[in-house]
Amino acid sequence: MLKTDLKKVNRLLITRFGIPERNFKMPDPLSMLLGTILSQNTNDNNSFQAYKNLVNKFPKWDLILSAKDLEIEKAIRVAGLGNQKAKAIKNVVTYVFEKKGIVSLDYLREKKNEEILDELTSLDGVGVKTASCVLLFSLDRNVCPVDTHVHRTLNRIGLVKTSAPDKTFREIYQSLPDGIGHQIHTNLIKLGRMYCKPTNPVCKSCPLISICKFESKTNLKANPHEKNFMLLDHI
Ligand code: SF4
């Protein structure tokens, strides 16, 4: 049932927004993980700038091993929570090096989704959303990372009834139809930013109004402005 509903939602979203473009070349898993850490609790422009600063400062991730936390923090300050994110980045790079002797997460390619989720979320500063972004955007696994938009929209539509994004991720994890992870993730974020906003959702023009079970559907007039925003597709 949930699988069928997810399929239906995906189809309706594609009818309105199209099939989201994907990067021809996927980033390596470590770059994706560091980029996603930077994207936590900030906007796309700032996190993308912070990522570019980090790459400029440390053209090879090995260089982070001998860097002081403050050097990393200065490079990424624009993304906010600089101290916290610098520690998480240093911790991830050090962990990988100590585990494998090289600064690369390519060994994850051989692992199953669950193993990867368990391993990455055991690291400080890496939550389920961050780990699932590595699965989707770097390893091309069929998962739907759940941020605040995906969590809110899926609950309003009535596909899940959950209290937190990580629970939403787990709820749909096993039921996600093959091959739709990137599509539904990207288009639900678009839906959440353009129509299903936290307050005053623009239900009148929403592509899902016919199936949505949200009790407080409103009839506000829509004036959505589409924008190319998917930072994680540009890492
Ligand atoms: S109909 Fe309204 S509440 Fe339902 S998904 Fe669309 S914008 Fe959100």
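In this predicted model, the protein chain is divided into two domains: domain 1 combines residues 2-21 with residues 144-233, and domain 2 covers residues 29-138. Their C-alpha centres lie 27 Å apart. To the contact between them, domain 1 contributes 13 residues and domain 2 contributes twelve. On the side of domain 1 that touches domain 2, the elements giving two or more residues are α9 (165-173) and α10.

Helix α10 (residues 181-194) also packs against helix α1 (residues 2-17): the two axes come within 10 Å and cross at roughly 65°. The crossing of α1 past α10 is left-handed. From α1, the residues involved are Leu-6, Val-9, Asn-10, Leu-13, Ile-14 and Phe-17, and they meet Gln-183, Ile-184, Asn-187, Lys-190 and Leu-191 of α10.

A ligand is surrounded by 14 residues. The closest of these are Cys-196, Cys-203, Cys-206, Cys-212 and Phe-214.

The composition of the three residue sets is given below.

| Residue set | Nonpolar | Polar | Charged |
|---|---|---|---|
| Contact of α1 with α10 | seven residues | three residues | one residue |
| Side of domain 1 that touches domain 2 | seven residues | three residues | three residues |
| Shell around the ligand | eleven residues | one residue | two residues |

Helix α10 thus appears in two of these settings: it meets α1 through residues including Ile-184 and Leu-191, and it gives two or more residues to the side of domain 1 that touches domain 2.

Key. Residues are numbered from 1 along each chain as its sequence is written. This is a predicted model: local features need pLDDT of at least 70, side-chain atom pairs count only at pLDDT 80 or more; totals for chains, interfaces and linings use all residues. Axes are lines fitted to C-alpha atoms, for helices over the stretch in contact, and angles run from 0 to 180 degrees between N-to-C directions. Helices (H or I, at least four residues) and strands (E, at least two) are DSSP runs, numbered from the N terminus. A crossing is left-handed if the near helix is turned anticlockwise from the far one by less than a right angle, and right-handed if clockwise. Two residues are in contact if their C-beta atoms, placed from the backbone, lie within 7 Å. Ala, Val, Leu, Ile, Met, Phe, Trp, Tyr, Cys and Pro count as nonpolar, Asp, Glu, Lys and Arg as charged, and the others, Gly among them, as polar. Domain bounds come from an automatic or database domain assignment. A residue is near a molecule or strand if its C-beta atom, placed from the backbone, lies within 6 Å of it.
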